[in-house]
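Here are my notes on the model you sent round, set out as numbered points so that each can be checked against the coordinates.

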Amino acid sequence: MTIFSDILMDRRTIRKYSSEPVDDKLLNELLMMGCRASTTGNMQVYSIIITRDEQKKKDLAPSHFNQKMITEAPVVLTFCADFNRFNKWCLQRNADPGYDNFLSFMTAAIDALLVAQTVCIAAESVGLGICYLGTTTYNADKIIGLLSLPKGVVPVTTVTLGWPSENPEQIDRLPLEAVIHRENYVDYTPADIERYYKEKEERKDSGQFVKENNKESLAQVFTDVRYKKADNIYFSNVLLRVLKDQGFMEQ
Ligand SMILES: Cc1cc2nc3c(=O)[nH]c(=O)nc-3n(C[C@H](O)[C@H](O)[C@H](O)COP(=O)(O)O)c2cc1C
């Protein structure tokens, strides 16, 4: 039996899946485990949309910039911040819900992400592979239409799930000391930055990225290619509009 610390320390994102199905009973068990995650006031202000239907996955694919995991994984899970159900409960019980604001969106988004990560760990603990898709927040407007999400519901992340058909190498992390602060935040000097990013920058694959993209540094691959300012501004505005349309910016 694999011990839990090994599951956490040996994990890696899986983007290729075998054709072996993930049965409903197992998926239900994983979702039950996910739903044991802590949530704000135990309100459980989230929903999870399961997509197994091939056509539905094809319909969703463009909203995830056609990343192949969407159509190739047997299961796609869209995790949503959801005050719709809770609001309805309040209204049916003569309680006045005050959840039409940005703080409530953050509350629900945090709940949804904690559940998502718990489902992921549960899945990885039985040998399944997962991949998060950050494209959900880029194209939340389109996903809302495709999944019929009502007001009060915003998709915050998507996870593709299946039995692995690849075993990629683990990728790097910054050294622990780079991300830990004791008691107070101690801001980084230029020398700290040099030291903490050295290993990442010296990796062979990093060098390849820089060369392939014709850039001077790995940081430029992030700023000029992968996560560009213009894209961030554009998709930020889309998301702000979604929050407004879904009723989270009323106050
Ligand atoms: C919120 C979030 C969004 C992500 N979005 C994508 C994505 O759209 N496509 C993808 O291939 N991987 C995506 N990933 C996976 C990351 O690329 C991956 O976790 C990271 O490179 C570290 O690799 P590892 O999980 O194998 O350690 C995402 C991960 C997170 C947490």
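The points below take up the basis of the model, one helix, the ligand site and a few single residues.

1. This is a predicted model, in which local features need pLDDT of at least 70 and side-chain atom pairs count only at pLDDT 80 or more, while totals for chains, interfaces and linings use all residues. Residues are numbered from 1 along each chain as its sequence is written, and side-chain values use heavy atoms, with hydrogens and water left out.

2. Helix 13 covers residues 229-245 (helices being DSSP runs of H or I of at least four residues, and strands runs of E of at least two, numbered from the N terminus). At 1.5 Å a residue its 17 residues should span 24 Å (the expected span being 1.5 Å times one less than the number of residues), and the end C-alpha atoms are indeed 24 Å apart. After helix 13 comes G247, with a positive phi near 90°.

3. Which residues of helix 13 are buried? They are F235, V238, V242 and L243, where buried means under 20% relative accessible area, exposed over 50% and partly exposed in between, with a 1.4 Å probe and protein chains only. Because these residues cover an arc of only 140° around the axis (taken from the directions from the helix axis to the C-beta atoms), they lie on the same side of helix 13. The face turned away from that buried side carries exposed K229, A230 and K244.

4. The buried residues of helix 13 pack (contact meaning heavy atoms within 4.5 Å) against helix 6 (102-125), helix 7 (135-138), helix 8 (140-146) and strand 4 (153-162). Within helix 8 sits I144, which counts as buried because its relative accessibility is 12%. Leaving aside residues up to four places away in sequence, I144 touches L149, V153, P155, V242 and Q246.

5. Among the residues around the ligand (those with a heavy atom within 4 Å of it) are R11, R15 and R173. Polar contacts are pairs of N or O atoms within 3.5 Å; a polar side-chain atom of R11 lies 3.2 Å from a ligand oxygen atom, one of R15 lies 2.7 Å from a ligand oxygen atom, and an N or O atom in the side chain of R173 is 2.7 Å from an oxygen atom of the ligand.

6. Most residues other than glycine have a negative phi. F65, in the loop between helix 3 (54-60) and helix 4 (69-72), has a positive phi of about 50°. N94, in the loop between helix 5 (84-92) and helix 6, has a positive phi of about 55°.

Terms used
A polar contact is a pair of N or O atoms within 3.5 Å; within protein, one must be able to donate a hydrogen and the other to accept it, and residues adjacent in sequence count only if both atoms are side-chain atoms.
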